[in-house]
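Here are some short exercises to work through with the structure open beside you. Try each task before you read its solution.

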Amino acid sequence: VFRTCLKFGLGDREWAKDRTHEVFLKLAERGAEIRKIEDLGGWLYRVSVNECFMAMRRSRTSSRILAFLALAWDRSEPPPEAKVQARRDLSALAGVLAELPAKQRAVMVMVHLEGKSQNEAAELLGLSKGQISKLHAKAMAHLASFEWEVAGE
Amino acid sequence: VSKHFDEEARRLRTELEAEPFTPGELEQGWRRLSSPPRPKRWLVLLAPAIAIAVIVLLALMIEPEPEPTAEGLVIASGQECVHQTDHEMLIVPCSREVLFDVGTEAHDVKIRRGRARFSVKKRSTEPFTIAVSHGWIVVIGTRFTVEQSRRSGKIEVEEGVVEFRWNDGSPAERLPGGSSLEWPRAKPEQTVTPTVTAPPPPEPPAPPPKKKQISARDLMSRLFQLKSQRRYDDAIELLEQGRQRADFSEAQRERLSFELGTVLRQSGRTEDACKHLRDHLRKYPSASQKAEIDRILAGCR
């Protein structure tokens, strides 16, 4: 769960830990019904993808406002710029992917970091195959605009 | 750094999958799961802002009761607006509270019409007086409501003491908080309503306040104002008072008498107007407005 979330967070460990916590809270809420889950690993994976995707889709603007308020509220938390810089240190590619809109970023993570096919990504993210294809194409065009050599160029 | 996307993506995937989830982090995660849920961060951050907004909103909604100025008079509440002309208050309907500051020089006003609640700060010098149709209200420092209609009125004292001085020479009456008084008196012996409490020990009667007389020029200005507002009853009352002013010259009184005839006619009281103008000509045979009066009288029966 943590590693899946870490990929969605492009290396942001704190964000990944928060998402992991949420996934296990959902598991705890199931109570005795956990035993009825036949494929617990598969269930956890689907819930993890869904949790990370939903967290990413939350308004970017409101996230920035809350991040600013959080900064004012809790000085111990590193500023957002520092987090972005940390991701860029991890990989130049992570820095570029972090700038993509949530849906495009989720598709790129599913296809290129999780190794899923576009059909699998569509099923897990709850989007149509056509949407996945378009989002993927847009994300690749964005990368190409930053002089990344992408397949089919 | 390679700019080949596929190559770099594989490297990033390998790095991320190799990121360890340390035993310390695992233990921290377990502790966090077993601890009571923390309130949502956005709620924690927004709660103080919402509380401040509510307080500000309430503060705006609750308007403080206006306090009287050092030497002023406050319409503390009510549904009337006040227009001050000379020392008269014309209270007309409106939808907001009004602060009426008479300034440091003025010591008396007159209520012509309307209802207003007053809050008057105690004065160290000459007391403030409010003239109404049947007397004067001498304000000693109190809160009270005055209602003045065309021929009658009422005062309700909330707190403090006011003194009501009848203009017919009757003894003054002191009205404590909670009491009321209406004018004119229904019967001579029932001047104060039953709500009036026992009067305090009598005090030497104070001389009636000096009424400030308006000049002839101001009187005419006021007359034209009342006529333009079609307030003929008020105009007639103003002229009747003016005609009896000993400090006006004969010519001024003649002019006021003529004006009274025209106002009577404008108010629809044609017979009264005709009678008055005939009397006017008898009193002033060489009246300066004789031609005009003759023209009016020609239309009289």
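**Exercise 1. Get an overview of chain B and its confidence.**

Step 1. Of the 301 residues of chain B, 38% count as buried, where buried means under 20% relative accessible area, exposed over 50% and partly exposed in between (1.4 Å probe, protein chains only).

Step 2. Chain B has eight helices and eleven strands; helices (H or I, at least four residues) and strands (E, at least two) are DSSP runs, numbered from the N terminus.

Step 3. Residues 24 or more positions apart account for 45% of the chain B contacts with a separation of 6 or more, a contact being heavy atoms within 4.5 Å.

Step 4. Keep in mind that this is a predicted model, in which local features need pLDDT of at least 70, side-chain atom pairs count only at pLDDT 80 or more, and totals for chains, interfaces and linings use all residues. Residues are numbered from 1 along each chain as its sequence is written, chains are lettered from A and ligands numbered from 1 in the order in which they are written, and side-chain values use heavy atoms, with hydrogens and water left out.

Step 5. The model scores ipTM 0.77 and pTM 0.40. For chain B the mean pLDDT (the predictor's confidence in each residue, from 0 to 100) is 74, and 66% of its residues reach 70 or more.

Step 6. Within chain B, confidence is lowest in strand S1 (residues 73–77), at a mean of 41, and highest in helix H7 (residues 270–283), at 89. Over residues 65–81 of chain B the pLDDT is below 50, yet this stretch has 70 contacts in the model beyond near neighbours in sequence.

**Exercise 2. Is His276(B) buried or exposed, and what does His276(B) touch?**

Step 1. Find His276(B) in helix H7 of chain B.

Step 2. His276(B) has a relative accessible area of 11%, so this residue is buried.

Step 3. Leaving aside neighbours within four places in sequence, His276(B) is in contact with Arg243(B), Ser257(B), Leu260(B), Gly261(B) and Leu264(B).

**Exercise 3. Describe how H4(B) packs against H5(B).**

Step 1. The axes of H4(B) (residues 216–228) and H5(B) (residues 232–243) come within 8 Å and cross at roughly 160 degrees. Axes are lines fitted to C-alpha atoms, for helices over the stretch in contact, and angles run from 0 to 180 degrees between N-to-C directions.

Step 2. The two helices, H4(B) and H5(B), are therefore roughly antiparallel; angles under 35 degrees count as roughly parallel, over 145 as roughly antiparallel, 65 to 115 as roughly perpendicular and the rest as oblique.

Step 3. The residues making the contact include Leu219(B), Leu223(B) and Leu226(B) from H4(B), and Ala235(B), Leu238(B) and Leu239(B) from H5(B).

**Exercise 4. Now describe H2(A) against H2(B).**

Step 1. The axes of H2(A) (residues 13–29) and H2(B) (residues 23–34) come within 10 Å, crossing at roughly 45 degrees.

Step 2. H2(A) and H2(B) are therefore oblique to each other.

Step 3. Among the contacting residues are Arg13(A), Lys17(A) and Asp18(A) of H2(A), together with Glu25(B) and Arg32(B) of H2(B).

**Exercise 5. How many residues of H7(A) are buried?**

Step 1. Eleven of the twelve residues of H7(A) (residues 102–113) are buried, and the helix is mostly covered.

Step 2. The cover includes H1, H3, H6, H8 and H9 of chain A together with H1 of chain B.
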